[in-house]
Amino acid sequence: INPMKKLTLALLTLIHTSTAMTATQDPNLWLEDIDSEKSLTWVRAQNATSEKALTQSPAFKTIEADLLAILDSDDKIPYVVKRGDYYYNYWQDKDHPRGIWRRTTWDEYQKAEPKWDILIDLDALNKSENATWVWHGADCLRPDYRHCLISLSRGGADADETREYDLETREFIKDGFYRPEAKGSMGWIDKDHVFVQTDFGAGSMTASGYPREARLWQRGTPLADAKTVYRGEENDMLITAAHDDTPGYHRDFVSRVIDFYHNELYERAPDGTLHKIDVPDTADKGVYRDWLNITLREDWTLNGKTYPSGSYLVANYADWQAGKREPTALFTPDAHTSLAGITWTKNYLILNKLEDVKTRLVVLDPAKNWAEKPLEGVPANSTASVAAVDPDENDDLWLTANDYTLPTTLYHTRVGGTPTALKSLPAFYDASDITVAQHFAKSDDGTEIPYFLVHHKNITLDGKNPTLLYGYGGFEISLTPGYAAGVGKAWLNRRTQDGRGGVYVVANIRGGGEYGPRWHQAALKEYRHKAYEDFAAVARDLTKRGIADPAHLGIQGGSNGGLLMGNMLTKYPELFGAIVIQVPLLDMQRYNKLLAGASWMAEYGDPDNPAEWAYLEKYSPYHQFDAAKTYPPVLFTTSTRDDRVHPGHARKMMAKMQAAGKNALYYENIEGGHGGAADNKQRAYMSALAYTFLWEQLAK
């Protein structure tokens, strides 16, 4: 090692050691004890202050009531999943706050008011068990779909339990398959066998808190005796096994998720041996019927040909496993396009492409050398998506279409057919005077950053319009236009005393997936600052256009978007008049030690590595906070039951701001998981807090 490099490493180690020592002396560490009486007493005191400040006005009560009416509306679209002869739906409304699982027939579903057969009433179950169960889904066994694995979460946490349910007797099976509460999952192989991933005791969970083992469990035997199928490494993110029950293609697969962007896939032979599918670990991969599907996250050179990152490839799976490596590229990105998703039907493949964050659906025919044509009948100027109704039986599709001002419509269609509208949302807010435009802001490095601007047609461009800017910018997640009834009702339709309506903006910053892997990777780890520069560029562009000056510009984001908001607070406080920070990451030195945090190191970096902490510290809001600075008003919201992003992030940041005498409010929902709320009433309440806070600060 050369002397200069040795000196640099020594300095980084010294910096890291010094900062780590500071962390152990952090006066707010006690707030990481989620359920201690001391912590919860502090939480209750903060909640009381925030409720007194925000919930007493008639405006708050109106917003809450309006949002709850939307969430509880019988006019919502009951999306269904086809299983055999029935169409299943999970539904929440004012009479069923925790929800009901129900089913109907195709003839009934086509009616305006279908008759539903209620299978499980979660509110009744909670009452009988004195519990707070939140629905996490159902997996029913083919071909008769009588036996189902029902997953239930206590208070909305990621951790859940799985019980076997008999649709014929309408009861949980007393001695059936049962997985105790833990982070994990269970899925059918056949009536007497399941794959199970759960907490089996010491050493069975990864450092990220997810299952490290996949096991095969036989009915009638103890769970502890389930046979290990695969055991990963402690630093892996997650191990799962699953059975492909496609008729004629029954087979088992094991997935080793190393981190968010590296994974291995194996086929498990009947004798239990594993056969790795030879595809780069960085690629997303899967098998459907005869086809191996590969989506690249890095350039890949194979047989002398280079396939660029973001490409989607297919190959005959049997040939591939036999050593024949001849993929076909069905999508290759360019500067303006990315692939948002794929959908297989029995005979066709539908690609959902994004072109400058606008969707386009095309149909490919494998029987005609992948000939491509547009999907017929897709409404113009809408964000559209499709899902297969029953890919084993036909080429039928569910098609949904909407936009910021266009209420969602659900269509039933078939490849080559004309869509039939089945269900539509009503106009929950008045959009007759609302217009939508896409603009581009230039970031610090010259990159053009797209954003959508939703506002009233007669807007006065003097910078005085109450404006809400939203962003996320992480994990390759795209923010595409969609009907947001709550935003419309609680923000766009509100008026200031001088008659101005609210303005809503969505920024498509780097870190997201709007332009595929390149857009995401441009803001990974040490390049994270580019996402924050992008968001600040959008804010400045709004001011330049006369939409909102800093005093009238508010921002909101949650989870990774909460980290974004934290950096806007500490790096660009002069650009904003108010900030809502929801279920956030904020302490980037300890995030990997809190709950699922270790699973995100591929996104952010490892704070225990001195070289990586050197850049992580620069975008750790908890460490960048400066008591001498002037900050805009802030509202933190989180959930006690969030077992993904630790509530300690928000708690500690609030405590630090409070100690410095800053203008900050805090509200922590006792239930809710990472979504922040467990039922519609809680969702309406939490959203009303945010909208009330922002409006009071910006509509001046």
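Q: Why are α3 and α15 called oblique to each other?
A: In this predicted model, the axes of helix α3 (residues 58-72) and helix α15 (residues 680-698) cross at roughly 140°. Angles over 145 degrees count as roughly antiparallel, and 65 to 115 as roughly perpendicular. The crossing of α3 and α15 falls under neither heading, and therefore the two helices are oblique to each other.

Q: Which hand does the crossing of α3 and α15 have?
A: The crossing in which α3 passes α15 is right-handed.

Q: How do you know that α3 and α15 meet, and which residues take part?
A: Their axes come within 8 Å. Contact means heavy atoms within 4.5 Å. By that rule, Phe60, Ile63, Glu64, Leu67, Leu68, Leu71 and Asp72 in α3 meet residues of α15, among them Asn680, Arg683, Tyr685, Leu689 and Thr692. The residues of this contact comprise 10 nonpolar, three polar and four charged.

Q: Why are α2 and α15 called oblique to each other?
A: Helix α2 (residues 37-54) packs on α15 at an angle of about 60°. Roughly parallel needs an angle under 35 degrees, and roughly perpendicular begins at 65. An angle of about 60° meets neither condition, and therefore α2 and α15 are oblique.

Q: What is known about the hand of the crossing and the contact of α2 with α15?
A: α2 passes α15 in a left-handed crossing, with the axes 10 Å apart. Glu51, Ala53 and Leu54 in α2 meet Tyr685, Leu689, Thr692, Phe693 and Glu696 in α15. This contact divides into five nonpolar residues, one polar and two charged.

Q: What makes β10 and β13 edge strands?
A: The open sheet has four strands in the order β10-β11-β12-β13, and the pairing is antiparallel. β10 (185-190) and β13 (227-231) each pair on one side only, and they are the edge strands. On average, neighbouring strands of the sheet are turned by 25° against each other, direction ignored.

Q: How do you know that β10 and β11 pair?
A: Two strands pair if there are at least two bridges between them. β10 and strand β11 (residues 193-197) have five bridges, in the antiparallel sense. Gly187 stands opposite Phe195 in β11.

Q: What radius of gyration does the protein have, and how does that value stand against a compact globule?
A: A compact globule with 700 residues would have a radius of gyration near 27 Å, and the protein has 26 Å, which agrees. The C-alpha atoms fill a box of roughly 70 × 65 × 60 Å along the principal axes. The protein has 15 helices and 39 strands.

Technical notes:
Residues are numbered from 1 along each chain as its sequence is written. This is a predicted model: local features need pLDDT of at least 70, side-chain atom pairs count only at pLDDT 80 or more; totals for chains, interfaces and linings use all residues. Side-chain values use heavy atoms; hydrogens and water are left out. Axes are lines fitted to C-alpha atoms, for helices over the stretch in contact, and angles run from 0 to 180 degrees between N-to-C directions. A crossing is left-handed if the near helix is turned anticlockwise from the far one by less than a right angle, and right-handed if clockwise. Ala, Val, Leu, Ile, Met, Phe, Trp, Tyr, Cys and Pro count as nonpolar, Asp, Glu, Lys and Arg as charged, and the others, Gly among them, as polar. The radius of gyration is taken over C-alpha atoms; the globule rule is 2.2 Å times the number of residues to the power 0.38.
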